[in-house]
Amino acid sequence: MLGDIQIHVGIEKHTNKEVSRRHICFRVHDLEAFAKHLQVHGVEIISDRVPPSVADRPPTVYDRFFIRDPGGNRIEIAEFT
């Protein structure tokens, strides 16, 4: 629980998490510093240099990378610029 926000991440049987595009996103204020923090703790950073696109909204510029939680779920970490 984060304040009054709950985030539930589950594990599904018989899914291929390595190819799934499903994910949640956390916004950070300093992407590079957070990446360094994660790496110090042994978390693998999965680079993604393709700019995100959302068809029904104006373009938003942000940098991002992905990580995987212990269950293999993909998590996006983003800094809006």
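## Sheet order

Two strands count as paired if DSSP finds at least two bridges between them. On that basis, this predicted model has 4 strands in an open sheet. Their order is 1-4-3-2, and the pairing is mixed.

Strand 1 (23–27) and strand 2 (46–47) stand at the edges. Each has a single partner strand, so one side of each is left without a neighbour in the sheet. In general, strands of a sheet pair through backbone hydrogen bonds, either parallel or antiparallel.

## Strands 3 and 4

Strand 3 covers residues 62–68, and strand 4 covers residues 74–80. The two pair in the antiparallel sense, over 7 bridges. Which residue of strand 4 stands opposite Phe66? That residue is Glu76.

## The helix

The protein has 1 helix alongside its 4 strands. Along the sequence the pattern reads β-α-β-β-β.

Helix 1 spans residues 31–40. Helix 1 lies across strand 3 and strand 4. Its angle to strand 3 is about 15°.

## Contacts and surface

Take the contacts between residues at least 6 apart in sequence. Of these, 47% join residues at least 24 apart.

How much of the protein is buried? Buried residues make up 25% of the 81 residues; the cut-off for buried is under 20% relative accessible area. The protein exposes about 6,600 Å². Carbon and sulfur atoms supply 55% of that area.

Conventions
Residues numbered from 1 in each chain as written. Predicted model: local features only at pLDDT ≥ 70, side-chain atom pairs only at ≥ 80, totals over all residues. Heavy atoms only, no water. Contact = heavy atoms within 4.5 Å. Axes fitted to C-alpha atoms, helices over the stretch in contact; angles between N-to-C directions. Buried < 20%, exposed > 50% of the residue type's maximum accessible area, 1.4 Å probe, protein only. Areas by Shrake-Rupley, 256 points an atom, 1.4 Å probe, with all protein chains shown as cover.
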